[in-house]
Amino acid sequence: MSYTLYNREGSGGFAVEAALVMADLPCELVTLSSTPGTPLDESFKATNPWGQIPTLIDSDGNVMTETSAILIDLSQKYPGTIAPAPGSSAHGQYVRWLIFAAVNVYESVLRRSYTHRYCDDADAYEAVKSASMRRAREALAVLDKAAENRAFLVSDTLTGADLFVGMLYIWARGDESFENLARIRLGIREHARVGPIWKRHFGER
C-alpha cells in the first residue's frame, strides 16, 4: 500500500509523516503553501470536507483524517511498526493517550489559536484563551505523570503516541517543569529517522 499525505510544515501532519517513515511506508508528500493559523483554500474541502490537514489517502482512494485516528489506524494495519501489538495492554494505553491528548490538549490549543471558532463575544477572547491554556497544562501534567519510569509514553521505544504528544507539548508551550514530556520531545528530535522531520517542521524546539 502507498499513500498520499496532504500536509504543511509546522502542522499536525508532522506526526503522520513521521509515523509513515517509521513504518517504512511509501508516501507522496503534498505540502500545501499556507501556514498554520491560516485557512486552507476552500477547494481543499473536496479532499477533506472539514478543510483540515493532515489528510491521508491510500492507493485505493480511501481517505483518513484526524491525526489521532490515522495513528491508530496505521498501528492496526502495520502491527509493531509505530505502536505495541494490537490486543496488548500497551496498545490499549497507546489508544488511550492518543485520544486523551486529542480531546484535552489539542482542543485546548485550538481554542487559543482559533478563539473565534469557540466564542462569539470578542470581548471574552482573552478569557477563553487563558482558560484553554490552563486546561492544556492540566492535561500535560497527566501525560507527564503517565510517562514516568519509562523512556517514552507507553513503552521504552518511540511510538506514534509520542509523536503526537511531543508535538502538542510544544504547541501548548509546555516547559521543562514537565520533565518527562521534555525528555520525550528530545528523544523525538534526536531520533535518527524522525529527528530530521521534526526539525523541518519545528526547528530546534
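This report walks through the fold, the charges and a few individual residues of one protein chain, using a predicted model.

## The overall fold

Let's start with the big picture. The protein chain contains seven helices and four strands. Read from the N terminus, the order of these elements is β-α-β-β-β-α-α-α-α-α-α.

How does the radius of gyration of the protein chain agree with that of a compact globule? For 205 residues, a compact globule would come out near 17 Å, and the protein chain has 17 Å, so the two agree. Along the principal axes, the C-alpha atoms fill a box of roughly 50 × 45 × 30 Å.

## Inside and outside

Of the 205 residues in the protein chain, 48% are buried. The accessible surface adds up to about 9,800 Å², and carbon and sulfur atoms account for 51% of that surface.

Contacts tell us how the chain folds back on itself. Among contacts with a separation of 6 or more, 64% link residues that are 24 or more positions apart.

## Charges and salt bridges

The protein chain carries 21 positive and 25 negative charges, and the mean positions of the two groups are 4 Å apart. Side chains of opposite charge can pair when their charged atoms come close. Here, 13 salt bridges are counted.

One of them joins Glu-126 and Lys-129, with an N to O distance of 3.8 Å. Both residues belong to helix α4, which covers residues 125-146, and they sit three residues apart, about one turn of the helix. Is Glu-126 buried or exposed? Its relative accessibility is 57%, and since exposed means over 50%, Glu-126 counts as exposed. Lys-129 has a relative accessible area of 28%, so Lys-129 is partly exposed.

Another salt bridge brings together Glu-148 and Lys-145, at 3.3 Å from N to O. In this pair, Glu-148 is partly exposed at 33% relative accessible area, while Lys-145 is exposed at 54%.

Arg-189 and Glu-190 also form a salt bridge, and their closest N and O atoms are 3.4 Å apart. Arg-189 has a relative accessible area of 15%, so Arg-189 is buried. Its partner Glu-190 is partly exposed, with 47% relative accessibility. Elsewhere, salt bridges with shared partners link Arg-134, Arg-135 and Glu-138 into one network.

## Thr-67 and the cis bond at Pro-54

Thr-67 is part of helix α2, which spans residues 67-77. Buried means under 20% relative accessible area, and Thr-67 has 10%, so Thr-67 counts as buried. Which residues does Thr-67 touch, leaving aside its neighbours within four places in sequence? The answer is Gly-12, Ala-15, Val-16, Pro-54 and Phe-164.

Pro-54 from that list deserves a second look. Pro-54 lies in the loop between β2 (27-31) and β3 (55-58). The peptide bond that joins Ile-53 and Pro-54 is cis, with omega about 5 degrees. Most residues other than glycine have a negative phi, and most peptide bonds are trans.

## Two residues with positive phi

Asp-24 has a positive phi, near 55 degrees, although it is not glycine. Asp-24 sits in the loop between α1 (13-22) and β2. With a relative accessible area of 56%, Asp-24 is exposed.

Glu-66 is another residue other than glycine with a positive phi, in this case near 70 degrees. Its place is the loop between β4 (63-65) and α2. Glu-66 counts as partly exposed, at 39% relative accessibility.

## Ile-197, a meeting across the sequence

Where is Ile-197 found? Ile-197 belongs to helix α7, made of residues 195-202. Its relative accessibility is 7%, so Ile-197 counts as buried.

Ile-197 and Ala-15 are 182 residues apart along the chain, and their C-alpha atoms are separated by 9.2 Å. Leaving aside neighbours within four places in sequence, Ile-197 is in contact with Phe-14, Glu-17, Ala-18 and Val-21.

Conventions
Residues numbered from 1 in each chain as written. Predicted model: local features only at pLDDT ≥ 70, side-chain atom pairs only at ≥ 80, totals over all residues. Heavy atoms only, no water. Rg over C-alpha atoms; globule rule 2.2 N^0.38 Å. Buried < 20%, exposed > 50% of the residue type's maximum accessible area, 1.4 Å probe, protein only. Contact = heavy atoms within 4.5 Å. Areas by Shrake-Rupley, 256 points an atom, 1.4 Å probe, with all protein chains shown as cover. Lys, Arg positive; Asp, Glu negative; His and termini not counted. Charge placed at Lys NZ, Arg CZ, Asp CG, Glu CD. Salt bridge = Lys/Arg side-chain N within 4 Å of Asp/Glu carboxyl O.
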